[in-house]
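User: Please go through this protein with me in a series of questions. I should like each answer to set out its reasoning before it names the result.

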Amino acid sequence: MLDQAGGTIDILHGNGDGTFQAVQAYTFPGFAATLQVADFNADGRLDIAVSGGQNDVWVLLGTNFNLTPAATYPIPSDSSFSDLLLVDDFNGDGAIDIAANSENIDREQLYLTVLLNLGGTRVGLTSSQNPSKVGQAVTFTAPVNASVPTVPIPTPSGSVSFLDGRTVLGTVPIVSGQAQFTTSTLSAGTHSIHALYNGDKNYVRTLSATLKQVVQQ
């Protein structure tokens, strides 16, 4: 529940039988006009974004049974109010972003502020030989880069899984910003190859575009 006057969110956790636990209240500065729910950090738990007065958007991340304290993200300094909040992956990098409208007190200027999620990545995919022949070794290379390159957090780490359709060909670690996987087992025909970055504590999982690998007899 959203308390627009008091700057609080009231959460009632379900017991799984149609009943609810006692209200837990989470506060933030100012008052709230609207909220959206999404998994901003891709941890499998829903988070909450709130907008309203104070020229800010607040994000409360979900934990096992609670929400973290609100993190504050400013919108234009000469605006005074935001009553519309949208969430989606606006730049196609696998991470959920936030868009908020705002206006100044005289309603002379309107703004649309987009907060890009810093957990997004771009995953490329190339083949060493395409078309290739049956039994020939083919190396797939997948560079993984932060989609917002100026972010003050480490470069993506972890692993990349290479898939032929839904079949996992292999999973390898990222080394110097890219992952490489070599196989000579592809059958004759056209294969839809993807590289799936599996994410780390800073970045979400991201799938590359499809690479059509042609294997000839």
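**Loops, strands and cores**

Analyst: Ser176 is placed in the loop between β16 (167-173) and β17. The strands named here are DSSP runs of E with at least two residues, and helices are runs of H or I with at least four, numbered from the N terminus. This is a predicted model, in which local features need pLDDT of at least 70 and side-chain atom pairs count only at pLDDT 80 or more, while totals for chains, interfaces and linings use all residues. Residues are numbered from 1 along each chain as its sequence is written, and side-chain values use heavy atoms, with hydrogens and water left out.

User: Is Ser176 buried or exposed?
Analyst: Buried means under 20% relative accessible area, exposed over 50% and partly exposed in between, with a 1.4 Å probe and protein chains only. Ser176 has a relative accessible area of 75%, so the residue is exposed.

User: What is the sign of phi at Ser176?
Analyst: Most residues other than glycine have a negative phi. Ser176 is not a glycine, yet its phi is about 55 degrees, and the sign is therefore positive.

User: Where does Ala42 lie, which also has a positive phi of about 55 degrees?
Analyst: Ala42 is partly exposed, at a relative accessible area of 44%. Its place is the loop between β4 (32-38) and β5 (47-52).

User: How many helices and strands does the protein have?
Analyst: Of the 217 residues, 39% count as buried. The secondary structure comes to 0 helices and 20 strands.

User: Which element gives the most residues to the largest nonpolar core?
Analyst: A nonpolar core is a set of buried Ala, Val, Leu, Ile, Met, Phe, Trp, Tyr and Cys residues joined through side-chain atoms within 4.5 Å. The largest one has 20 residues, and those touching the most other members are Leu125, Phe140, Ala142, Val160, Phe162, Ala195 and Tyr197. Two or more residues come from each of β14 (138-146), β15, β17, β18 (189-197) and β20 (211-216). The element that gives the most, with 5 residues, is β14.

User: How many residues are in the second, separate core?
Analyst: This core includes Phe40, Val59, Ile75 and Ala100. Its number of residues is 10.

User: How far apart in sequence are the parts that the aromatic pair ties together?
Analyst: Rings of Phe, Tyr and Trp (its six-membered ring) pair if their centres lie within 6.5 Å, with planes under 30 degrees apart counted as stacked, over 60 as edge-to-face and the rest as tilted. The count comes to 1 aromatic pair, and Phe162 and Phe181 form it as a stacked pair, 5.8 Å centre to centre with 20 degrees between the planes. Both Phe162 and Phe181 are buried. Phe162 lies in strand β15 (residues 159-164) and Phe181 in strand β17 (residues 178-183), so the parts tied together are apart by 19 residues.

User: Which side chains meet in the salt bridge?
Analyst: A salt bridge is a side-chain nitrogen of Lys or Arg within 4 Å of a carboxyl oxygen of Asp or Glu, and the whole structure holds 1. Arg45 is partly exposed at 33% relative accessibility, and Asp43 is partly exposed at 31%. The side chains that meet, at 3.8 Å from N to O, are those of Arg45 and Asp43.

User: Which peptide bond is cis, with omega near 10 degrees?
Analyst: Most peptide bonds are trans. Pro131 is found in the loop between β12 (126-127) and β13 (132-133). The cis bond runs from Asn130 to Pro131.
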